[in-house]
Amino acid sequence: MFNKLSKKITAGVTAAALGVSLVFAAPAPAEAISVGDVVGIGATVYSASQAYNEINKQVKTFNETEEGRTALYQKFQEEYGVNTDYEINERMDRIMTNLTSAVGQIDPSIYDKPYKYFVSNDETLNAACSYGHVMMVNVGTFNLLATDDEIAAVVGHEMGHGQKDHLAKGNKKTLNKMVVAQIGSDAVGGNAISNALIAVTVNNSIEHGNKKQETEADNLGWEYMLHTDYNIGATAAVMQRLSELYGGAKRNKMEAILKPSNHPNTDARRDNYVKKLYEYSGKHATAKNGVVTINGKTFTTVAAANSMSSAERSYFVLGNLAKAYHNGKNAATATVYNGTVYLDDQAIITPADGDEDAYTLAERLNSIK
């Protein structure tokens, strides 16, 4: 397989995706940017140890040098196109500014390697972070999610992958295995490794993001959201949205065998965030199937509204309650201002069609909190 790869230049990039793996394939070979083009490799490699060193060298180029990062960034843009919608790009810039500040409070190394990002023309709900903090967010993510809070949750997950270099670590392991299998029957040159590095990335699109790494990215995304003004309930809400769009229950056994997933099941990821929200609230508030409860008593059943299902929207209410309890706002009397229920200065819910009215909700909140 390694020999076949060495005979055909295949350039592409795989990225950590939120629930769906992305594969980037190259245009015509003459236009392809390979690792060899960036590094300038010409020597022939004959031993496994030399091959491993070459792999590490090329991955490092993409992951750490401006030359490699720029080449990769350009490849992303060539493959998926750059969306130039002014409003969407303004939103993307704002989200990245907010999240960069949040990540910087936890991991200042982000400022040593700022993210290169853009909005692609892909209409699916997805985002990707590759080597070197090169990030793409599909325009479909903006079209299919109702709020910037949810988009921030998606991007925060990808930044978790980026900060931990998940892609670089995963692909090196896979390529090393391929090199070991090939050594002894064919000489493996630098260009072959260059092509194989890209091809392995294409053909093993989930390798860098095993379930452990996906969970780590989810947890890091949660921490980043805590350092922003975004609604932390968006972490659970976006998983609910993904579950509704693409299915979140455990797949049947045959599908799992034929097409194994690197991501934990979407419903499980949502429930992980709901647990975090419950704990963040001091174990006062939670939500399930659209029903928000406080101290074990029903606060409200949230109506579907604003293109969200009842369940998706309920997690935003839960996010507000969790922050209110965490910050001690629950000591205040619930009030209504301009149609929104508040605890002190923390907004809790703005009733929509199908919800109970704000005064009823404020009265109930005061009775159970």
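A residue counts as buried when its relative accessible area is under 20%, and as exposed when that value is over 50%. With that in hand, welcome to a quick tour of this predicted model. Within helix α15 (residues 358–368), the buried residues are A358, L361, A362, L365 and I368. From there we move on to helix α10, aromatic rings and salt bridges.

**Helix α15**

- The buried residues of α15 lie on the same side of the helix, because they cover an arc of only 140° around its axis.
- Turned away from that buried side is a face carrying Y359, E363 and S367, which are exposed.
- Packing partners of the buried residues include the strands β9 (291–294) and β10 (297–301), along with helix α14 (310–326).
- The strands β11 (334–337), β12 (340–343) and β13 (346–349) are also among the elements they pack against.
- At the N-terminal end, D357 acts as a cap for α15, with a side-chain oxygen 3.0 Å from the backbone nitrogen of Y359.

**Helix α10**

- Helix α10 spans residues 211–226, and its 16 residues reach 23 Å from first C-alpha to last, close to the expected 22 Å.
- Buried positions in α10 include Q213, E214, A217, D218 and L220, and W222 is buried as well.

**Aromatic pairs**

- Searching the whole structure turns up five aromatic pairs.
- In one of them, the ring centres of W222 and Y280 are 6.1 Å apart and the planes stand at 90°, so this pair is edge-to-face.
- This pair links distant parts of the chain, since W222 sits in α10 and Y280 in helix α13 (residues 266–280), 58 residues apart.
- Both W222 and Y280 are buried.
- Elsewhere, ring pairs join Y73, F76 and F118 into a cluster.

**Salt bridges**

- The whole structure holds 14 salt bridges.
- E66 pairs with R69 in a salt bridge whose closest N and O atoms are 2.9 Å apart.
- Both residues belong to helix α4 (residues 66–80), three residues apart, or about one turn.
- E66 is partly exposed, at 46% relative accessibility, whereas R69 is buried at 2%.
- K116 also forms a salt bridge with E66, with closest N and O atoms 3.5 Å apart.
- That pair links distant parts of the chain, with K116 in strand β4 (residues 116–120) and E66 in α4, 50 residues apart.
- K116 has 19% relative accessibility, so it counts as buried.
- A separate bullet goes to D345 and K329, whose salt bridge has its closest N and O atoms 3.0 Å apart.
- D345 lies in the loop between β12 and β13, and K329 in the loop between α14 and β11.
- D345 counts as exposed, at 55% relative accessibility.
- Through shared partners, salt bridges join E66, R69 and K116 into one network.

Methods. Residues are numbered from 1 along each chain as its sequence is written. This is a predicted model: local features need pLDDT of at least 70, side-chain atom pairs count only at pLDDT 80 or more; totals for chains, interfaces and linings use all residues. Side-chain values use heavy atoms; hydrogens and water are left out. Helices (H or I, at least four residues) and strands (E, at least two) are DSSP runs, numbered from the N terminus. The expected span of a helix is 1.5 Å times one less than its number of residues. Buried means under 20% relative accessible area, exposed over 50%, partly exposed in between (1.4 Å probe, protein chains only). Rings of Phe, Tyr and Trp (its six-membered ring) pair if their centres lie within 6.5 Å; planes under 30 degrees apart count as stacked, over 60 as edge-to-face and the rest as tilted. The arc is that of the directions from the helix axis to the C-beta atoms. Contact means heavy atoms within 4.5 Å. A polar contact is a pair of N or O atoms within 3.5 Å; within protein, one must be able to donate a hydrogen and the other to accept it, and residues adjacent in sequence count only if both atoms are side-chain atoms. A salt bridge is a side-chain nitrogen of Lys or Arg within 4 Å of a carboxyl oxygen of Asp or Glu.
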